[in-house]
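Grab a pencil and open the structure viewer. Below are a few short exercises, each with a solution worked step by step.

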Amino acid sequence: MISRSPDLFKFRGVVSPRNLRSFHHRHPPPPPAPTMSDLRPPEHQVAGHRASANKLGPLVDGSGLFYKPLQAGDRGEQERAFYEAFSAHAAVPPRIRDAFFPRFHGTRLLPTEARPGEPHPHLVLDDLLAGLQAPSVADIKIGAITWPPSSPEPYVAKCLAKDRGTTSVLLGFRVSGVRVVAPGGAVWRPERPELKALGTAGVRRVLRRYVSSVSGEVADCALAAAVYGGEGGVLSQLRELKAWFEEQTLFHFYSASILLGYDADAVSATGAGGGVRVKLVDFAHVAEGDGVIDHNFLGGLCSLIKFISDIVSEAPETPPLAP
Ligand SMILES: O=P(O)(O)O[C@@H]1[C@@H](OP(=O)(O)O)[C@H](OP(=O)(O)O)[C@H](O)[C@H](OP(=O)(O)O)[C@H]1OP(=O)(O)O
Ligand SMILES: Nc1ncnc2c1ncn2[C@@H]1O[C@H](COP(=O)(O)OP(=O)(O)O)[C@@H](O)[C@H]1O
C-alpha cells in the first residue's frame with residue numbers, strides 16, 4: 001500500500017486552536033473567485049505542467065495570487081495536505097514559513113479551458129513573482145532522488161531514470177527551468193530537452209548566465225555580486241534555509257524546487273539586488289520526516305550553495321550600471 005495519503009500530515013498534537021487562530025489571522029479569506037476570462041497561464045512559468053487547451057496547469061489573474069490545479073491521483077490531495085499541515089505547524093519557525101514558502105490561501109474551484117463546465121479545485125497561493133517588472137527566474141529541483149521511498153516501483157523507475165539522466169544524482173540538483181531577461185528585454189529561455197541534457201559544466205554555465213547582463217552566449221556574471229552575493233542575496237538566503245534544514249526533521253521535500261527570482265530591470269538599473277526571491281515550490285511528494293533530517297534535500301542545497309558561491313568568488317565585484 002502506498003503511504004502517501006493525506007493522513008500523513010495529520011501530525012500528532014500540532015494543530016492547536018491557538019495555531020489555527022494564528023493561521024486564520026495570517027490567511028484571511030481570498031477575494032471573490034475569478035472568472036475564466038480573468039485567468040491565464042503565468043507568463044513567467046519556467047517548469048512543471050503548463051495549462052493549455054487540453055491540459056490543466058497553473059493560472060494567474062493578476063491579483064497577486066497563483067492557482068495551482070490539484071493534480072490527479074493522490075498527488076493533489078497530498079500537496080493540499082502538506083500546505084494545510086505546514087501552515088499551522090507549531091514547530092515551523094514563522095520566519096522560515098514567511099520568507100521561503102508561498103502563503104497558502106486554501107483551495108478554490110475554478111473554471112478551466114481544459115475542462116469546460118467542470119470547475120476544478122486549485123490551491124490558492126501567493127504569486128511568488130508578483131511585482132517583478134522583468135522577472136529572471138530559475139527552477140532548481142533539489143535532491144539526488146526525487147521520489148518518496150514509499151512510491152510504487154514503476155514510479156521509482158521513472159524518476160530514477162530522470163535523476164540519473166540529469167545532474168540530480170551527480171550534483172544533488174538539476175535545473176528544471178530558467179528564463180533570463182537581458183537589458184532591452186530580450187529573453188533567454190532554453191527548452192526542456194536542452195536543460196535535461198546539461199552536465200556539470202552546463203549547469204555551471206546556466207547558473208552564470210542567470211546573473212549575466214548580456215543576451216549572447218557570453219556570460220559576464222555582471223549581476224552575480226548583486227543577485228547571488230551581498231546582504232539579502234541568493235547565497236545569504238540559501239544559507240538561512242540550510243540552517244533550518246540542518247535542524248528540521250518534520251518533512252522530507254522530495255522533488256521540491258527552489259525558485260529564484262529577481263527583477264532584471266531593477267538590478268541592472270541600480271546595481272543592487274534588493275528583493276531577490278528564494279522560495280520553495282512543488283510539494284506533491286513531501287513525506288513525513290519522522291525525526292530524521294532531510295539529508296537528500298540538505299545535500300542538494302549544500303551542493304547548490306557551493307556552485308553559487310564559486311560563481312560569486314570569480315565574478316566582478318561591482319556590477320556596471322545600465323546607461
Ligand atoms: O509528467 P512528465 O513526464 O512530464 O514529468 C513531470 C516532470 O516533467 P519533465 O521531467 O520535465 O518531463 C516535471 O519536471 P519539471 O518540474 O518540469 O522539472 C515534474 O518532475 C513532474 O513531477 P511533479 O510535478 O513533481 O509531480 C513530472 O510529472 P510526473 O512524471 O511526476 O507525472
Ligand atoms: N507560487 C508560485 N508563484 C509563482 N510561480 C510559481 C509558483 N509555484 C510554481 N510556480 C511556477 O510554476 C512552475 C511549476 O510549479 P510546480 O509547483 O513545480 O508545478 P508541477 O507540480 O507541475 O511541477 C515553477 O517552475 C514556477 O515557474
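**Exercise 1.** Leaving aside neighbours within four places in sequence, which residues is D127 in contact with?

*Solution.* Step 1: use the contact rule, C-beta atoms (placed from the backbone) within 7 Å. Step 2: skip the neighbours within four places, and D127 is in contact with V60, G64, L65 and F66. Step 3: place D127 in the loop between β4 and β5. Helices here are DSSP runs of H or I with at least four residues, strands are runs of E with at least two, and both are numbered from the N terminus. Step 4: look at R103, which is 24 residues from D127 in sequence and 8.8 Å away in space, C-alpha to C-alpha.

A word on what you're looking at: this is a predicted model, where local features need pLDDT of at least 70, side-chain atom pairs count only at pLDDT 80 or more, and totals for chains, interfaces and linings use all residues. Residues are numbered from 1 along each chain as its sequence is written, while chains are lettered from A and ligands numbered from 1 in the order in which they are written.

**Exercise 2.** Sort D127, S255 and D290 into buried, partly exposed or exposed.

*Solution.* Step 1: count other C-beta atoms within 10 Å of the residue's own, all placed from the backbone; 20 or more is buried, 12 or fewer is exposed, and anything in between is partly exposed. Step 2: D127 has 19 such neighbours, so D127 is partly exposed. Step 3: S255 has 23, so S255 is buried. Step 4: D290 has 9, so D290 is exposed. Step 5: check the backbone too. S255, in the loop between β8 (251–253) and β9, has a phi near 65°, a positive value in a residue other than glycine. D290, in the loop between β11 (286–288) and α11, also isn't a glycine and has a positive phi of about 50°.

**Exercise 3.** How do α9 and α11 pack, and what does the contact consist of?

*Solution.* Step 1: fit axes to C-alpha atoms over the stretch in contact and take the angle between N-to-C directions, from 0 to 180 degrees. Step 2: for α9 (residues 234–245) and α11, the angle is about 160° and the axes are 10 Å apart. Step 3: name the arrangement. Under 35 degrees is roughly parallel, over 145 roughly antiparallel, 65 to 115 roughly perpendicular and the rest oblique. α9 and α11 are therefore roughly antiparallel. Step 4: list the partners. From α9 come V234, L235, L238, R239, L241, K242 and F245, and they meet F297, L298, L301, C302, L304, I305, I308, S309 and V312 of α11. Step 5: sort them by class, and you get 13 nonpolar, 1 polar and 2 charged. Here Ala, Val, Leu, Ile, Met, Phe, Trp, Tyr, Cys and Pro are nonpolar, Asp, Glu, Lys and Arg are charged, and the others, Gly among them, are polar.

**Exercise 4.** At what angle do α7 and α11 cross, and which residues make the contact?

*Solution.* Step 1: the axes of α7 (residues 200–209) and α11 (residues 295–314) come within 10 Å and cross at roughly 60°. Step 2: that makes α7 oblique to α11. Step 3: R204, L207 and R208 of α7 make the contact with F307, I308 and I311 of α11. Step 4: by class, that's 4 nonpolar, no polar and 2 charged residues.

Key
Two residues are in contact if their C-beta atoms, placed from the backbone, lie within 7 Å.
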